[in-house]
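Visitor: I'd like a quick tour of this one, with the cut-offs spelled out as we go. Where should we start?
Guide: Take a look first, then ask away.

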Amino acid sequence: LPARAPRRRTAAIKPALLLVALLGCAPDEAPPPPAGPEAAPGTVLLVDGLPLTALDVAPLCADILALYPEYAPVHARRLALTNEFLPRLAARARDPEGWQRARKDCEEAEHQLETLVPRSEEGTFHGLGLALWSAARHLPDGQWSPPVEVSGRWLRLRLDERVESLDPREERLRISVLEFPYLDHDGDPLVLEAAVDQAHLTIIDPDFGEAVPELWKHRMHGNQP
């Protein structure tokens, strides 16, 4: 419970103060509350000061709606935020130096892409995971991607085969993956969960605030829009 304010002692009103009141001179007003964190144009929310824009979220939202066209756009945003973008930003905030090193290693792999040994993965979006499936399905066949960020790691991806289907949920991809992890979670989801719990969410755009579940706002100490 918050500490109670001390009781004020009642005192007689001094004539000078009464004169000020009669003349209509109000005492000094309280200073306005401090402004929230400044954000670049287009920013919809911040995680520990790291910005997220609507353009960042749009491609994954589009793929979610391709999978489930019956979903409302706000629900697609909710899935994109909770499945990928909030954990991704929380992981980056947890280990910014590791994030920078992994990004640099991923960029510098450009000159070694044909000599490094990638990992092969195959499956639908269920098997590959939503973010990986979405990032890989739009690549040109047989070409390495530029650096791709997902939660806790940077990737280089090559689309080796795409078996299309009228139902995107049945679309199968075979991809090659070069991984540059930075958050030492070794596949343990609890490490990412801990990063989310320790991060601070600031909502800038009320439309995106509507897409963030109340539980996540509470976990990340988020402010209401």
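**Charges, cores and a few odd spots**

Visitor: How many salt bridges does the count come to?
Guide: The rule asks for a side-chain nitrogen of Lys or Arg within 4 Å of a carboxyl oxygen of Asp or Glu. This is a predicted model, where local features need pLDDT of at least 70 and side-chain atom pairs count only at pLDDT 80 or more, while totals for chains, interfaces and linings use all residues. Residues are numbered from 1 along each chain as its sequence is written, and side-chain values use heavy atoms, with hydrogens and water left out. By the salt-bridge rule, the count comes to 15.

Visitor: What is the secondary structure of the chain?
Guide: Elements here are DSSP runs, numbered from the N terminus: helices are H or I with at least four residues, strands are E with at least two. On that basis the chain comes to 9 helices and 7 strands.

Visitor: What share of the residues counts as buried?
Guide: Buried means under 20% relative accessible area, exposed means over 50%, and partly exposed is in between (1.4 Å probe, protein chains only). Of the 225 residues in the chain, the buried share is 38%.

Visitor: Which residue does Arg156 form a salt bridge with?
Guide: The closest N and O atoms of Arg156 and its partner Glu110 are 2.8 Å apart. This pair links distant parts of the chain, 46 residues apart: Arg156 is in strand E5 (residues 153-163), and its partner is in the loop between H4 and strand E3 (119-123). Arg156 is buried at 3% relative accessible area, whereas the partner is partly exposed at 42%. That partner is Glu110.

Visitor: And which residue meets Glu179 in a salt bridge?
Guide: The N to O distance between Glu179 and Arg153 is 2.6 Å. The two sit 26 residues apart, with Glu179 in strand E6 (residues 172-181) and its partner in strand E5. Glu179 is partly exposed at 34%, and so is the other residue at 21%. The residue in question is Arg153.

Visitor: What separates Glu214 and Lys217 within helix H9?
Guide: The two form a salt bridge, with their closest N and O atoms 3.3 Å apart. Lys217 is buried, at 4% relative accessibility. Glu214 and Lys217 lie 3 residues apart in helix H9 (residues 214-219), which means a separation of about one helical turn.

Visitor: Which side chain of opposite charge is nearest to Asp95?
Guide: Asp95 lies in the loop between helix H3 (73-94) and helix H4 (96-108), and a polar atom of its side chain is 3.0 Å from the backbone nitrogen of Gly98. Asp95 is buried yet has no salt bridge. For charge, Lys and Arg count as positive and Asp and Glu as negative, with His and the chain ends not counted. The nearest opposite charge is 4.8 Å away, on Arg101.

Visitor: Which element gives the most to the largest nonpolar core?
Guide: A nonpolar core is a set of buried Ala, Val, Leu, Ile, Met, Phe, Trp, Tyr and Cys residues joined through side-chain atoms within 4.5 Å. The largest has 44 residues, and Leu45, Val47, Leu81 and Leu86 have the most contacts inside it. With 7 residues, the element giving the most to this core is H3.

Visitor: Glu84 also lies in helix H3; is Glu84 buried or exposed?
Guide: Contact means heavy atoms within 4.5 Å. Leaving out residues up to four places away in sequence, Glu84 touches Leu60, Leu79, Ala131, Glu149, Val150 and Ser151. The C-alpha atoms of Glu84 and Leu60, 24 residues apart along the chain, are 9.1 Å from each other. At 5% relative accessibility, Glu84 counts as buried.

Visitor: What phi does Asp48 have?
Guide: Asp48 is found in the loop between strand E1 (43-47) and strand E2 (50-53). It is partly exposed, at 40% relative accessible area. Although Asp48 is not a glycine, its phi is positive, at about 50°.

Visitor: Last one: what is the relative accessible area of Leu55?
Guide: Leu55 lies in helix H2 (residues 54-67). Its C-alpha is 8.1 Å from that of Gly42, 13 residues away along the chain. Leu55 counts as exposed, with a relative accessible area of 72%.

Terms used: Polar contact = N/O pair within 3.5 Å; in protein donor to acceptor, adjacent residues only side chain to side chain.
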